[in-house]
Amino acid sequence: MTPIELYIHIPFCVKKCLYCDFLSGVFDEKMQRRYVAALCTEIKYMASQVHGVEVATIYVGGGTPSWLSEDLMDSIITTVKSSFRVNPLAEISVECNPGTLSAEKLNVYRSVGINRLSIGLQSANDDELKELGRIHDYNRFLHTFDLVRKAGFDNVNVDIMTGLPHQTVEKLERTLNAVTMLRPEHISAYSLIIEEGTPFYDKYKFDAVKQHAGMETEDLPTDEESYHLYKYTMDYLEKKGYKRYEISNYARGEKVCRHNIGYWDRVPYLGLGLGAATLYQNRRADNIRDIYKYCEIAEQIAEGKEISTELSSPFYDNEETLSKKEAMEEFMFLGLRKIDGVNRSDFFNMFGIDIEAIYGPIITALRNQGFMDAKEGRLFLTDIGIDVSNQVLAQFLLDK
Ligand code: SF4
């Protein structure tokens, strides 16, 4: 049996955050029910197309999956379990936002086998939460975290953000202190990115340009300040017993996110739901992004109609087969995001050639510059290599 991962996309949010460009929006319950019925059709359809696989992890992301009513979440997980062979020890994660969970909902989650929750906090400062357009304040997060613990979840991630407008070290410290006091098993700390098409882009686009150019900024931290906030986060979390295992991810003990490690290790995955991405049998594909079209296709399949398509799934919008070079590049880009980097023998097993035969001169140059190091058959970026990871990873593009 080949292990695979499933990513399931729930594109619904209570309200759109001001910085967010994810594929999500505000839809009423009728649309949510229609979408989940379509999603279950896609789950069954895709399960009928793949053979000899066992699901190792399931990640329900969004959007705000915890906003769905419990019967809808129940039907999604139950459909997966009745359609695919799922490892009894599979990690099953759901993304949640404060204020969208209840004790009853959490009991249903537990009863269907959900065993990991990821809660979006972003900041413990109410002024920052307001600025981000989040639906909750810090107290609401505390209430949600308490509910989650009382329901017995012992594998919980909390998301925080650095590089917020007017963020100072003191404000960041308040967030880090508040979160680490609660002892979640995992913390993800991402830097704010000003994405085109968002209200934040309209408000901060000039500042973002100045930030990238290393100039003085008005609202966003300067490039230097952002770097300081990122380093401060890393040192703070490591002192509190959170080990960094990827550029933005920290875990206590063994509680890393197995699903994400699978992405960085290029374990095959099926993306189910609107806009979800797939990597399977060395093919990459993206699902369609129009929710009405997505539902119509699923409804036609459910009625037994044939859908004509040249792609491997009627839900795909695009599909490409990766060349060996592209797969090697991906192996390096993704694997080097992990703090312990890539394994030479994995490269050989995957591509039938020594990593040195492809990347030898680049590896030597990066090691000489102090950006890369090697130990026990692994190659990994050093701290200074991670600081300039975009430039370093670009070196692994073949045919530059
Ligand atoms: S809750 Fe998450 S997905 Fe929804 S709008 Fe906010 S950041 Fe985006």
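In this predicted model, Glu 185 counts as buried, its relative accessibility being 8%, although the residue is placed in a loop, the one that runs between α6 (169–182) and β6 (186–191). When neighbours within four places in sequence are set aside, the residues in contact with Glu 185 are Arg 149, Asp 154, Asn 155, Val 156, Tyr 242, Tyr 250, Ala 251, Arg 252 and Lys 255. For one of these, Val 156, the backbone nitrogen is found 2.9 Å from a polar atom of the Glu 185 side chain. Glu 185 and Glu 224, by contrast, are 39 residues apart along the chain, and their C-alpha atoms are separated by 30 Å.

A second buried loop residue is Thr 217, for which the relative accessibility is 15%; Thr 217 belongs to the loop between α7 (199–212) and α8. Because the limit for a buried residue is set at under 20% relative accessible area, the value of 15% places Thr 217 in that class. The side chain of Thr 217 reaches two backbone atoms, namely the oxygen of Leu 220 at 2.6 Å and the nitrogen of Thr 222 at 3.5 Å. Beyond the neighbours within four places in sequence, Thr 217 is in contact with Asp 207, Lys 210, Gln 211 and Thr 222, so that Thr 222 appears both in this list and as a partner of the Thr 217 side chain through its backbone nitrogen.At the level of the whole chain, the protein is divided into domain 1 (2–264) and domain 2 (324–394), and the centres of the two domains, taken over C-alpha atoms, are separated by 28 Å. The contact between them involves 11 residues of domain 1 and nine residues of domain 2. Together the two domains bury about 960 Å², with 55% of this area on carbon and sulfur atoms. Of the area that domain 1 buries against domain 2, 53% is supplied by Arg 244, Ile 247 and Trp 264, more than by any other three residues.

Polar and charged interactions also cross this interface. Five residue pairs in polar contact are counted between domain 1 and domain 2, with both residues of each pair at pLDDT 80 or more. On the side of domain 1 that touches domain 2, the elements giving two or more residues are α8 (223–239), β7 (243–246) and α9 (258–264), and the largest share, four residues, comes from α8. By class, this side of domain 1 comprises seven nonpolar residues, one polar residue and three charged residues. Two salt bridges are found across the interface of domain 1 and domain 2. A salt bridge is also formed by the side chains of Lys 231 and Asp 387, with an N to O distance of 3.4 Å.

The structure as a whole holds 20 salt bridges, and several of these can be described individually. Asp 146 and Lys 150 meet through their side chains in a salt bridge with an N to O distance of 2.7 Å. These two residues are separated by about one helical turn, because they stand four residues apart in helix α5 (residues 138–150). Asp 146 is partly exposed, with a relative accessible area of 35%, whereas Lys 150 is exposed, with a relative accessible area of 66%.

Other salt bridges join parts of the chain that lie further along the sequence. The side chains of Asp 265 and Lys 338 meet at 2.4 Å, N to O, and this pair links distant parts of the chain, with Asp 265 in the loop between α9 and β9 (269–272), Lys 338 in the loop between α11 (324–335) and β13 (342–343), and the two positions 73 residues apart in sequence. The accessibility of the two partners is as follows: Asp 265 is partly exposed, with a relative accessible area of 32%, while Lys 338 counts as buried at 7% relative accessibility.

A further salt bridge is formed between the side chains of Arg 266 and Glu 330, with an N to O distance of 2.8 Å. Since Arg 266 is located in the loop between α9 and β9 and Glu 330 in helix α11, the pair ties together parts that are 64 residues apart in sequence. Both Arg 266 and Glu 330 are buried. Finally, Glu 29, Arg 33 and Asp 71 are joined into one network by salt bridges that share partners.

Methods: Residues numbered from 1 in each chain as written. Predicted model: local features only at pLDDT ≥ 70, side-chain atom pairs only at ≥ 80, totals over all residues. Heavy atoms only, no water. Domains from an automatic or database assignment. Contact = heavy atoms within 4.5 Å. Buried area = accessible area lost by both parts, 1.4 Å probe. Salt bridge = Lys/Arg side-chain N within 4 Å of Asp/Glu carboxyl O. Polar contact = N/O pair within 3.5 Å; in protein donor to acceptor, adjacent residues only side chain to side chain. Nonpolar A, V, L, I, M, F, W, Y, C, P; charged D, E, K, R; others polar. Buried < 20%, exposed > 50% of the residue type's maximum accessible area, 1.4 Å probe, protein only.
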